[in-house]
Amino acid sequence: MPAVERLNFYTTVLSEGVVPLFYTHNLEKAIAAVEAIASRGGRCIEFTNRGEGALAVFSGMVEHFRKSNSSLIFGVGSVLEAPTAALFIAHGANYIVSPNFNPEVAKLC
């Protein structure tokens, strides 16, 4: 998935006014959730890194939408350290959200 320019990301978030976020351990449910969001005009989606297998589900979800709706902007939340951020970025995350400031994570974004 091509990297989203920061200005495009900010503009999209501001115009939509909300960034839906969710977690599921089930890839089919993740795809269904994103399809529902996209069908109502949502373009920014945040998947939270809160459960076992989050990276695999996120990666499968991004791969699915790379083919069917490449205009979506995917981010990952609840990222605490740089190695996790790097993994999600390598698997298609356009942005990272952390509950605290970590300079090592910030360098990757």
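**Notebook: H2, the core and the strands**

On the far side of H2 from its buried residues, I find Glu28, Lys29 and Ser39 exposed. Note to self: this is a predicted model.

**Entry 1, H2.** Which residues of H2 are buried? I looked them up and got Ala30, Ile31, Val34 and Ile37. Those four sit on the same side of H2, because they cover an arc of only 125 degrees around the axis. That fits the general rule: an α-helix has 3.6 residues a turn, so residues three or four places apart point the same way. Next I asked what the buried residues of H2 pack against. The list is strand S1 (21-22), S2, H3 and S3. I also checked the length of H2. Its 13 residues, at 1.5 Å a residue, should span 18 Å, and the end C-alpha atoms are 18 Å apart, so the two agree.

**Entry 2, the core.** I pulled up the largest nonpolar core, which has 22 residues. Val34, Phe58, Met61, Phe74 and Ile96 touch the most other members. I then sorted the core by element: two or more residues come from each of helix H2 (27-39), strand S2 (44-48), helix H3 (54-68), strand S3 (73-77) and helix H4 (82-90). Which element gives the most? It is H3, with six residues.

I picked Phe58 for a contact list, skipping neighbours within four places in sequence. Phe58 is in contact with Phe47, Phe74, Gly75, Val76, Phe88, His91, Gly92 and Ala93.

**Entry 3, S3.** How many residues of S3 are buried? Five of its five are, so I noted S3 as mostly covered, with buried meaning under 20% relative accessible area. Ile73, Gly75 and Gly77 point one way from S3, while Phe74 and Val76 point the other way. As a general matter, side chains in a regular strand alternate between the two faces of the sheet.

Then I went through the pairing. S2 and S3 run parallel and are joined by five bridges; across from Gly75 of S3 stands Glu46. S3 also pairs with strand S4 (residues 95-96), again in the parallel sense, over two bridges. There the partner of Gly75 is Tyr95. For the crossovers, I have S2, H3 and S3 as a right-handed β-α-β unit, and S3, H4 and S4 as a right-handed β-α-β unit too.

**Entry 4, Ser78.** I stopped at Ser78, in the loop between S3 and H4. Its phi is near 65 degrees, a positive value in a residue other than glycine. For background, most residues other than glycine have a negative phi.

**Entry 5, Thr12 and Glu52.** Is Thr12 buried or exposed? Thr12 counts as buried, because its relative accessibility is 4% and the cut-off is under 20%. Thr12 lies in helix H1 (residues 6-16), and beyond its neighbours within four places in sequence it is in contact with Arg43, Cys44 and Ile73.

Glu52 I found in the loop between S2 and H3. Glu52 is exposed, because its relative accessible area is 77% and the cut-off is over 50%. Not counting residues up to four places away in sequence, Glu52 touches Tyr23 and His25. Last lookup: how far apart are the C-alpha atoms of Glu52 and Gly17? They are separated by 30 Å, with these positions 35 residues apart along the chain numbering.

Methods. Residues are numbered from 1 along each chain as its sequence is written. This is a predicted model: local features need pLDDT of at least 70, side-chain atom pairs count only at pLDDT 80 or more; totals for chains, interfaces and linings use all residues. Side-chain values use heavy atoms; hydrogens and water are left out. A nonpolar core is a set of buried Ala, Val, Leu, Ile, Met, Phe, Trp, Tyr and Cys residues joined through side-chain atoms within 4.5 Å. Buried means under 20% relative accessible area, exposed over 50%, partly exposed in between (1.4 Å probe, protein chains only). Contact means heavy atoms within 4.5 Å. Two strands pair if DSSP finds at least two bridges between them. A crossover is right-handed if, with the strands pointing away from the viewer, the path from the first strand over the helix to the second runs clockwise. The expected span of a helix is 1.5 Å times one less than its number of residues. The arc is that of the directions from the helix axis to the C-beta atoms.
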